[in-house]
Amino acid sequence: MDASRDPTGAVPFTTPSGRPFEAGTRGFWKDYPNTSALLAELGIKESDVFTDFTTSAFYSPDGLEATAPVFAGAPLQLPSPLGQVFASFDNFKRLPLSDRASMAGLLLAMLDFDRDEESMAAYDRMTAHELCIRCGLSKRLVDDFVRPTLSVGLFAPLETTSALVALELLYFYAFAHQDSFDVRWIKTRSISELLIAPLAQKLQQQHGLRVLSSARAEGLDMDAAGRVSTVRYTQNGVSDSLSDIDAVVLAVGAKGMRAVVAGSPALAACAPELTAAASLGSLDVVTTRLWLDRRVAAPHPANVLSRFKQLRGAGGTFFMLDQLQGDTDAGMRRLWGVPEADLSTATPTGSVVACDFYNSAAVALLSDQEIVDTLMRDLLPSAVSGFQGAQVLDSYVLRLPGAVSWFSPGSFPSRPPLRGSVPNLVCAGDWVRLGQREHGAKGLCQERAFVTGLEAGNALLRGALPGLSAAAALLHPVLPVRADEPQVLAGKQAAQAAAALARALSMPPSPWVR
Ligand SMILES: Cc1cc2nc3c(=O)[nH]c(=O)nc-3n(C[C@H](O)[C@H](O)[C@H](O)COP(=O)(O)OP(=O)(O)OC[C@H]3O[C@@H](n4cnc5c(N)ncnc54)[C@H](O)[C@@H]3O)c2cc1C
């Protein structure tokens, strides 16, 4: 059951003028092993779905700040973080070396933060901004690099982001291995069509999956044994319910959780972990697509915008879809929504640009036209001069209020656990805490969302469902991310030892938190 119009990806989303649109441009980083395994399971070649790993660029009102190379292509492969330092040596265009060197403090915190539960909770209570100050990062490094990176990685400013999740994210996406930051994109159509649709089809055809689309869960009712017995929902304005249920996987974000728990008084009374999760906030996104009258030769397909006052506090990105998906006539025609059978129509040649604003509550208050004007007048030409004079032939703006998990300071203990107090209810989603089964993929991350879904299914098989024994053959394998490099492991062991020694001497175990 899902509130969206077509959770199976069978019917591609199009704008009112008939052009293809997908909410948000989402990258697939190097360490998404379960996503890769899913494609293999579905018999889909990765090269048919993903672009090659691409470069990206960071722009500010001062111009190009930095580019991110494809690290796997670096001539010299070195242990992390040396590899990243050498491979990106020439990529910072303005930031002085002394500012870059001040990153060292953060690298030390990365060895310390996940020492134990107590230390994770302590880092979580701190804001990412406070962590940068305590770790001695220069103001310029924070403003020019860490802030824009986190604003598009976790969608919120440093001041309202948990230091724990910021460290997890930087570690997973940037520091674990020299090539952790390498990212690729969908090379045609949409994620829904290329990944979700074949998966849904397989589940429908081989496993009897039935999907209720445009169906919004309104509440869960409980039986006398404290198990969920009924799901109440509304589909296209009509109220209905499902009562023949064994178990429920609650795979909603904070906004959905709030709505479901608010409509479930009995559940709220017996599941404090769900009322805590329902009290957490979420972040807004505005996602847009522009169809232009000319091809703009942006040097990089994926781009980050930061520090522009016109962003109104949001993080910004823009993606040159014609570079990612338009390398053939057929690709360009698809981006423009030209029917594939219509061979008589000339192939459109103008760029198609997808622009997203994260933490976008202020941007969302502008009209669609003002948002398009801000992009075409202020933001895009400041980054890439080729946008000057380009005309918008068509555009689409979509507001997604409360669509994204907000890892706010102190939120860790309130995030929903995989299994809580209701025996036949489990949770899935990127914000779910996996406890003993915690995975290396972190943050706002499709791989993490997928892993939590697999773990939710496995948790039900492991014992939440009466009559279903933990049949090992039914459990779906969950692949870990690559192991830490030996020097990182040694560093973590040294941090453990230092903390133990400090404790023995009645000193705080960490210089940064208590
Ligand atoms: C603009 C944008 C860019 C992103 N970029 C990347 C990227 O580059 N790489 C990456 O890996 N990740 C990226 N992400 C993050 C990634 O998309 C999320 O981490 C992932 O989608 C989370 O999945 P989820 O299942 O936890 O939640 P969601 O995908 O939010 O799914 C929740 C579902 O619950 C449904 N729902 C809510 N309430 C109800 C209800 N009451 N009844 C029924 N259904 C309900 C919703 O319709 C929705 O389908 C991006 C996200 C956005 C928005």
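This is a short tour of a predicted model, stop by stop.

**Stop 1: the two domains**

Select residues 78-184 and colour them; this is domain 1. Now select 214-281 together with 407-474 and pick another colour; these two stretches make up domain 2. How far apart are the C-alpha centres of domain 1 and domain 2? They lie 31 Å apart.

Next, look at where the domains touch. Domain 1 gives 17 residues to the contact, and domain 2 gives twelve residues. Stay on the side of domain 1 that touches domain 2. Two elements there give two or more residues: α6 (117-125) and α9 (163-175). Which of the elements supplies the largest share of this side? The helix α9 does, with five residues. Now colour this side of domain 1 by residue class. You should find nine nonpolar, five polar and three charged residues.

**Stop 2: a pair of helices**

Keep α6 and α9 on screen and hide the rest. Two packed helices are described by the angle between their axes and the distance between the axes. Here the axes of α6 and α9 come within 5 Å and cross at roughly 105°. That crossing makes α6 roughly perpendicular to α9, because angles of 65 to 115 degrees count as such.

Show side chains where the helices meet. On α6, pick Met120, Tyr123 and Asp124. On α9, pick Ala163, Leu164 and Leu167, which the three α6 residues meet. How do the residues of this contact divide by class? Five are nonpolar, none is polar and one is charged.

**Stop 3: a three-stranded sheet**

Move on to the strands. Select β5 (215-222), then β6 (residues 228-235), then β7 (238-242). These three strands form an open sheet in the order β5-β6-β7, with antiparallel pairing. Which strands stand at the edges? They are β5 and β7; each has a single partner strand, so one side of each is left without a neighbour in the sheet. Look along the sheet and check the twist: neighbouring strands are turned by 25° against each other on average, direction ignored.

Zoom in on β5 and β6. Seven bridges join these antiparallel strands. Label two pairs across them. Met222 stands opposite Val228, and Asp221 stands opposite Thr230. Follow the chain from β5 to β6: they form a hairpin with five residues between them. Stop at Gly226 in that turn, which has a positive phi of about 80°.

Slide across to β6 and β7. Five bridges join them, again in an antiparallel run. Select Val231 in β6 and find its bridge partner in β7, Leu242. This pair of strands also forms a hairpin, with two residues between the strands. Asn236 sits in the turn and has a positive phi of about 50°.

**Stop 4: the ligand**

Finish at the ligand. How many residues surround the ligand? There are 26. Select the closest ones: Gly24, Gly256, Gly429, Gln446 and Ala449.

Now colour the elements around the ligand. Five of them each supply at least two residues of the shell: β5, α11 (254-262), β9 (282-292), β13 (392-405) and α18 (446-464). You met β5 at the last stop, as an edge strand of the sheet. The largest share of the shell, three residues, comes from α11.

Last, colour the shell by class. It has 13 nonpolar, eight polar and five charged residues.

Methods
Residues numbered from 1 in each chain as written. Predicted model: local features only at pLDDT ≥ 70, side-chain atom pairs only at ≥ 80, totals over all residues. Near = placed C-beta within 6 Å. Helix = DSSP H or I, 4+ residues; strand = E, 2+ residues; numbered from the N terminus. Nonpolar A, V, L, I, M, F, W, Y, C, P; charged D, E, K, R; others polar. Pairing = 2+ DSSP bridges. Axes fitted to C-alpha atoms, helices over the stretch in contact; angles between N-to-C directions. Domains from an automatic or database assignment. Contact = placed C-beta atoms within 7 Å. Parallel < 35°, antiparallel > 145°, perpendicular 65-115°, else oblique.
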